[in-house]
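Let's take a friendly walk through charged pairs and packed helices. Keep the picture at hand as you read.

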Amino acid sequence: MKLTADLIIDAGMAVFAQTGYHGFSVRQVADRLDVHAGSLYYHVPSKAALLQLMADRVAGQAYEAGTDALAALPAQAGWPARVTAQAVALRQSIRQHPGGAIMLAGSPKTLSPGALSLMERLLATLAEAGVPPEHCGTAADTVLSHVTGYVLQEQSEPPAAPVTAEDVAALHRNFPRTAAAAAAHGPDEKFTRSLDLLCSGIGTLIRPPSEGAPPEQPNGRNSGGATARMES
């Protein structure tokens, strides 16, 4: 068998799905490929490099899915629909990979081209919508972090101890509002509703040119409630 970077990434994804981040090792990937670990280092010099390649693959697939989702929108679709299309495509893409949310969460730090492309396109969408430059980075990061966190919860391990009917009944008695909120919507509808809320908040930053920027408040926040300055 001739080793290639793609073959190693395939094996790495399969191992990661079983072990998670902390249990992952290059030796396990080599064992799965039935080769010596040293032979992998010709293609991937370290565990960190392999994790970067794996994360970049997930992000690249998400970017392509987002491209398709945007192309499917009607020409008159507004910026919230464009943000939502990208976020939904991202969620669907990383859900296909066990542990995909963990990999994607750390990928911007490794300068993954795929992850940076996701951010760049979302920043362009928000800038074209009229979000002020000082808020674009925070808004885009909030959307991407929300998607990653949402999938991270979806991909989390089930409780170690089984939840009994008595446990559920106690939850409803002691935390009625939380229990009702959890049961109100399925995960897909809850996700789209959460994006609606995020877009509504981002929309408060957008002002028609004739109105100018939102007024500055003494506490450093504008009248829309968002921070008036993004820390770089």
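A salt bridge is counted when a side-chain nitrogen of Lys or Arg lies within 4 Å of a carboxyl oxygen of Asp or Glu. Asp188 and Arg95 form such a pair, with their closest N and O atoms 4.0 Å apart. Asp188 sits in helix 11 and Arg95 in helix 5, so this salt bridge ties together parts that are 93 residues apart in sequence. Please keep in mind that the model is predicted.

**Salt bridges**

Side chains of opposite charge can pair when their charged atoms come close. How many salt bridges does the structure hold? There are 7 salt bridges in the structure. Here are three of them:

| Acidic partner | Basic partner | Closest N and O atoms |
|---|---|---|
| Asp10 | Arg57 | 2.4 Å |
| Asp188 | Arg91 | 2.9 Å |
| Asp188 | Arg95 | 4.0 Å |

Let's begin with the pair of Asp10 and Arg57, whose closest N and O atoms are 2.4 Å apart. Asp10 belongs to helix 1 (residues 5-23) and Arg57 to helix 4 (residues 47-71), so their salt bridge links parts that are 47 residues apart in sequence. Asp10 is partly exposed, with a relative accessible area of 40%, and Arg57 is also partly exposed, at 23%.

Now back to Asp188, which also forms a salt bridge with Arg91. Asp188 lies in helix 11 (residues 187-203) and Arg91 in helix 5 (residues 79-95), so the two tie together parts that are 97 residues apart in sequence. Is Arg91 buried or exposed? Arg91 counts as buried, at 5% relative accessibility, because buried means under 20%. Asp188 is partly exposed at 46%, and Arg95 is partly exposed at 41%. Through shared partners, salt bridges join Arg91, Arg95, Glu154 and Asp188 into one network.

**Two packed helices**

Two packed helices are described by the angle between their axes and the distance between the axes. Helix 8 (residues 133-154) packs against helix 11 at an angle of about 165°, and their axes are 11 Å apart. Angles over 145 degrees count as roughly antiparallel, so helix 8 and helix 11 are roughly antiparallel to each other. The crossing of helix 8 with helix 11 is right-handed.

Which residues meet there? On the helix 8 side they include Ala139, Val143, Tyr150 and Glu154, while helix 11 contributes residues including Pro187, Phe191, Leu195 and Ile202. The contact residues divide into 9 nonpolar, 3 polar and 2 charged.

Note on methods. Residues numbered from 1 in each chain as written. Predicted model: local features only at pLDDT ≥ 70, side-chain atom pairs only at ≥ 80, totals over all residues. Heavy atoms only, no water. Helix = DSSP H or I, 4+ residues; strand = E, 2+ residues; numbered from the N terminus. Buried < 20%, exposed > 50% of the residue type's maximum accessible area, 1.4 Å probe, protein only. Axes fitted to C-alpha atoms, helices over the stretch in contact; angles between N-to-C directions. Parallel < 35°, antiparallel > 145°, perpendicular 65-115°, else oblique. Left-handed = near helix turned anticlockwise from the far one by under 90°. Contact = heavy atoms within 4.5 Å. Nonpolar A, V, L, I, M, F, W, Y, C, P; charged D, E, K, R; others polar.
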